[in-house]
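Here's a quick tour of a protein chain, written for someone who'd rather look at the model than wade through tables. Have the structure open and follow along.

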Amino acid sequence: LIYDAGMNVETIDFHTIRVPLGGEFNLQLSDNTRVHLNSGSSLRYPVRFAGDIREVFLTGEGFFEVTKDEERPFVVKTEEVDVRVLGTSFNVNAYPDEKVVATTLVEGKVRVGYGSKNFDLDPGMQFVYDREDKTANVRTVDMELYTSWKDGYYVFYKETLENIMERLVHWYGVEVSYQNEELRKIEFVGRLHRYERIDYLLKRMADTQNVEFVINGNVVEVKNKTD
């Protein structure tokens, strides 16, 4: 979906795109900013930008390639934090059902606002807000781990099974149950193709750890592997 920067409209209307589970969507805003929306996400944005700020509203996850405009900052607003940029590439993960909100910077520079505090990020840095503890911090990360989804694959490095399954829930629309709490903490290292069937992905994971996955309808049961 591409919006024409030269559109002549008398009033500034807002559009909303809602991406279903298992889907993804690309759009180009009126300022030529490109947005890649992940499964189960929504974006509210103006048909064209007016005034001295470019502002959009995100629920879920999106990767933004912002067109540089030093006169008009670009702001991605989520329920808890605002991400302000001039021109840059970054990922925002703000699914309502997840424990944290995270902004990962790929190129340029962004300022993340939380409450009365601001956090400036350089490439390779990530801002994380913990919804349960109400705390925020900045850390250095491997960017590929948080942006590979837009290129069609998942990358994990010592990632807990609980965090991995959260990603698969949003993509495949399944529910997850665990035989015991220790299973949530099992760590995985690897790379999985995003468009494979879920049973194939889970089998590959089960081959590397003492865990098995039983699929009943749209529920995935995680159990200790039996002999």
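Let's start with strand β7, residues 82-85, which has two distinct sides: Val83 and Val85 sit on a covered face, while Asp82 and Arg84 make up an uncovered one. That fits a general pattern, since side chains in a regular strand alternate between the two faces of the sheet. Keep in mind that this is a predicted model.

**Who β7 pairs with**

- Strand β6 (residues 74-77) pairs with β7 in the antiparallel sense, over 4 bridges.
- Getting from β6 to β7 takes a hairpin of 4 residues.
- In that pairing, Val83 of β7 has Val76 standing opposite, and Val83 belongs to the covered face.
- β7 also pairs with strand β10 (residues 110-114), again antiparallel and over 4 bridges.
- Here Arg84 stands opposite Arg111 in β10, and Arg84 is on the uncovered face of β7.

**The chain as a whole**

- Overall, the protein chain has 3 helices and 18 strands.
- Its radius of gyration is 19 Å, close to the 17 Å from the globule rule for 227 residues, so the protein chain is as compact as a globular protein of that length.
- Taken along the principal axes, the C-alpha atoms fill a box of roughly 70 × 35 × 25 Å.
- Of the 227 residues in the protein chain, 44% are buried.
- If you look at contacts with a separation of 6 or more, 46% of them come from residues 24 or more positions apart.
- The protein chain has an accessible surface of about 11,800 Å², and carbon and sulfur atoms own 45% of that.

**A three-stranded sheet and its helices**

- Further along the chain there's an open sheet of 3 strands, in the order β15-β18-β17, with mixed pairing.
- β15 (175-178) and β17 (211-216) are the edge strands, each pairing on one side only.
- From one strand to the next, the twist averages 25°.
- β15 runs parallel to its partner β18 (residues 219-224), and the two share 4 bridges.
- Within the sheet, Ser177 stands opposite Glu221 in β18.
- Helix α2 (residues 161-172) lies across β15, β17 and β18, at about 160° to β15.
- Helix α3 (residues 198-206) lies across β17 and β18, at about 160° to β17.

**A closer look at α2**

- α2 has 12 residues and spans 16 Å from its first C-alpha to its last, close to the 16 Å expected at 1.5 Å a residue.
- Which residues of α2 are buried? They're Leu161, Ile164, Met165, Leu168, His170 and Trp171.
- Those buried residues pack against β14, β15, β16 (187-193), α3, β17 and β18.
- Right after α2 comes Gly173, with a positive phi near 70°.

**Two lysines with positive phi**

- As background, most residues other than glycine have a negative phi.
- Lys134 goes the other way, with a positive phi near 60°, and it lies in the loop between β12 (125-130) and β13 (135-140).
- Lys134 has 54% relative accessibility, so it counts as exposed.
- Lys158 has a positive phi too, near 50°, but Lys158 lies in a strand, β14 (residues 153-160).
- Is Lys158 buried or exposed? With a relative accessible area of 52%, Lys158 is exposed.

Conventions. Residues are numbered from 1 along each chain as its sequence is written. This is a predicted model: local features need pLDDT of at least 70, side-chain atom pairs count only at pLDDT 80 or more; totals for chains, interfaces and linings use all residues. Side-chain values use heavy atoms; hydrogens and water are left out. Two strands pair if DSSP finds at least two bridges between them. Axes are lines fitted to C-alpha atoms, for helices over the stretch in contact, and angles run from 0 to 180 degrees between N-to-C directions. Contact means heavy atoms within 4.5 Å. The radius of gyration is taken over C-alpha atoms; the globule rule is 2.2 Å times the number of residues to the power 0.38. Buried means under 20% relative accessible area, exposed over 50%, partly exposed in between (1.4 Å probe, protein chains only). Accessible areas come from the Shrake-Rupley method with a 1.4 Å probe; for residues, only the protein chains shown count as cover. The expected span of a helix is 1.5 Å times one less than its number of residues.
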